[in-house]
Amino acid sequence: MTTDAAQIRIKPRTRKAWTPSQIVLTLLGVSVSAVFLAPLAWALFTSLKSETEAVEVPPHWLPKEWTGQAWKALFQTGNITDWFVNSLVVSVCVTTIVLTVSALAGYGFARTDFRGKNVLMGVVMAGLMISPAVLGVPLFTTVQQMGMVDTYWGVILPQCAPAAMVYILYKFFQGIPKELEEAAFIDGAGRWRVFFTIVVPLARPSLAAVGIFTFIASWNNFLWPYMVTNNPDLMTMPNGIATVMNSYGIQWAQLMAGGLMAGLPLIVVFVFFQRQIVAGVAHTGLAGQ
């Protein structure tokens, strides 16, 4: 055994030379990545400058004197912890409600027949053609009449009308074989049991994508929280960062530091859940639309 093993020659693994197409694609990918990373690098370097150096003309990338003054001032003068918690509470609640409503509505449209189904589906699709900015005034009037101005529910509930998410899950549920549900019905399972034990587990990729997209949209939402909140203690991250200024105007170094803090959770979401995002989009049935 040892003699035979000694006679075996291990061939060194040779690395294949890159083809011209691979080189071009790699250079293109590096260029696109640099374009997307440049704003983050600029924000980071600016946040490490003094306020005087941040507004110098012409601007320069690297700080002449590295300082964390902007970060210290942001935590000392701003309620950034409260802003972060408010954004987290609002985004998690909106995501939970949207997932529940979208899953139930999408499954109902895909698998049940009832009077007025096509009309209701048309109303949902019409919601995709209306800009949220157009609904700002009537939504604010409704929230004001219900006494929910300057409350969490006033910020959360108007963001829970997910026409696009209902459509995404509706298309996915249509692709699930009916034979799976029919076999469960024959075994005595009811509609709710079929939904929670068969349909929902199969829809995990799409539900993950819908949840991630909803969380990101709610976290970045500036207009509606700005309209419905006057209390500084209820501000979300985008609204709070917009108030970072003093009698001399906008504090650019602090603004960049706050922007990086606001974007950090979204970067973490993309890094750790990028597979779920790709898998969810691939399973929504939208590829051929």
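A pocket is taken here as an open set of grid points with protein on both sides within 12 Å along at least five of seven lines, and its lining residues are those that have an atom within 4 Å of a point. In the predicted model described here, the largest pocket is lined by 31 residues, and the space that lies in this pocket amounts to about 900 Å³. Nearest the centre of the largest pocket lie Pro132, Pro158, Gln159, Ala161 and Pro162. Several helices take part in this lining, since at least two residues each are supplied by α5 (80-111), α6 (117-126), α7 (136-145), α9 (163-174), α12 (204-220) and α13 (223-228). By class, the lining of the largest pocket comprises 24 nonpolar and 7 polar residues, with no charged residue.

The second largest pocket has a volume of about 260 Å³. Its lining consists of Phe36, Leu37, Pro39, Leu40, Ala43, Met256, Gly259, Leu260, Gly263, Leu264, Leu266 and Ile267. Two or more of the residues in this lining come from each of α2 (20-47) and α15 (252-282), and α15 makes the greatest contribution, with 7 residues. Charged residues are absent from the lining of the second largest pocket, which divides into 10 nonpolar and 2 polar residues.

Helix α5, which contributes to the lining of the largest pocket, also packs against α12, another contributor to that lining. The axes of α5 and α12 come within 8 Å and cross at roughly 140 degrees, and the crossing is right-handed. On the α5 side, the contact is made by Phe84, Ser87, Leu88, Val90, Ser91, Val92, Val94, Thr95, Val98, Leu99 and Ala103, and on the α12 side by Leu207, Val210, Gly211, Thr214, Phe215, Ser218 and Trp219. The residues of this contact divide into 12 nonpolar and 6 polar, and no charged residue takes part.

A further packing partner of α5 is helix α11 (residues 191-202), with the two axes 12 Å apart and at an angle of about 110 degrees. Angles of 65 to 115 degrees count as roughly perpendicular, and α5 and α11 are therefore described as roughly perpendicular to each other. The crossing of α5 and α11 is right-handed. Ala103, Leu104, Tyr107 and Arg111 of α5 meet Arg191, Trp192, Val194, Phe195 and Val199 of α11 in this contact, in which 7 residues are nonpolar, 2 are charged and none is polar. Ala103 of α5 thus appears both in the contact with α11 and in the contact with α12.

Helices α11 and α12 also pack against each other, at an angle of about 70 degrees and with their axes 5 Å apart, an arrangement that makes α11 roughly perpendicular to α12. The contact is formed by Val200, Pro201 and Leu202 of α11 together with Arg204, Pro205 and Leu207 of α12. Of the residues in the contact of α11 with α12, 5 are nonpolar and 1 is charged, while none is polar. Leu207 of α12 takes part in the contact with α11 as well as in the contact with α5.

Two features of the backbone were found in loops. Valine 57 and proline 58 are joined by a cis peptide bond, with omega at about 0 degrees, and proline 58 is placed in the loop between α3 (51-54) and α4 (69-77). Aspartate 150, although not a glycine, has a positive phi of about 60 degrees, and this residue belongs to the loop that runs between α7 and α8 (152-156).

Note on methods
Residues are numbered from 1 along each chain as its sequence is written. This is a predicted model: local features need pLDDT of at least 70, side-chain atom pairs count only at pLDDT 80 or more; totals for chains, interfaces and linings use all residues. Side-chain values use heavy atoms; hydrogens and water are left out. On a 1 Å grid over the protein atoms alone, a cavity is a set of points where a 1.4 Å probe fits but cannot get out, and a pocket is an open set with protein on both sides within 12 Å along at least five of seven lines; lining residues have an atom within 4 Å of a point. Grid points are joined across faces, edges and corners, and a volume is the space filled by probe spheres set on the points. Helices (H or I, at least four residues) and strands (E, at least two) are DSSP runs, numbered from the N terminus. Ala, Val, Leu, Ile, Met, Phe, Trp, Tyr, Cys and Pro count as nonpolar, Asp, Glu, Lys and Arg as charged, and the others, Gly among them, as polar. Axes are lines fitted to C-alpha atoms, for helices over the stretch in contact, and angles run from 0 to 180 degrees between N-to-C directions. Angles under 35 degrees count as roughly parallel, over 145 as roughly antiparallel, 65 to 115 as roughly perpendicular and the rest as oblique. A crossing is left-handed if the near helix is turned anticlockwise from the far one by less than a right angle, and right-handed if clockwise. Contact means heavy atoms within 4.5 Å.
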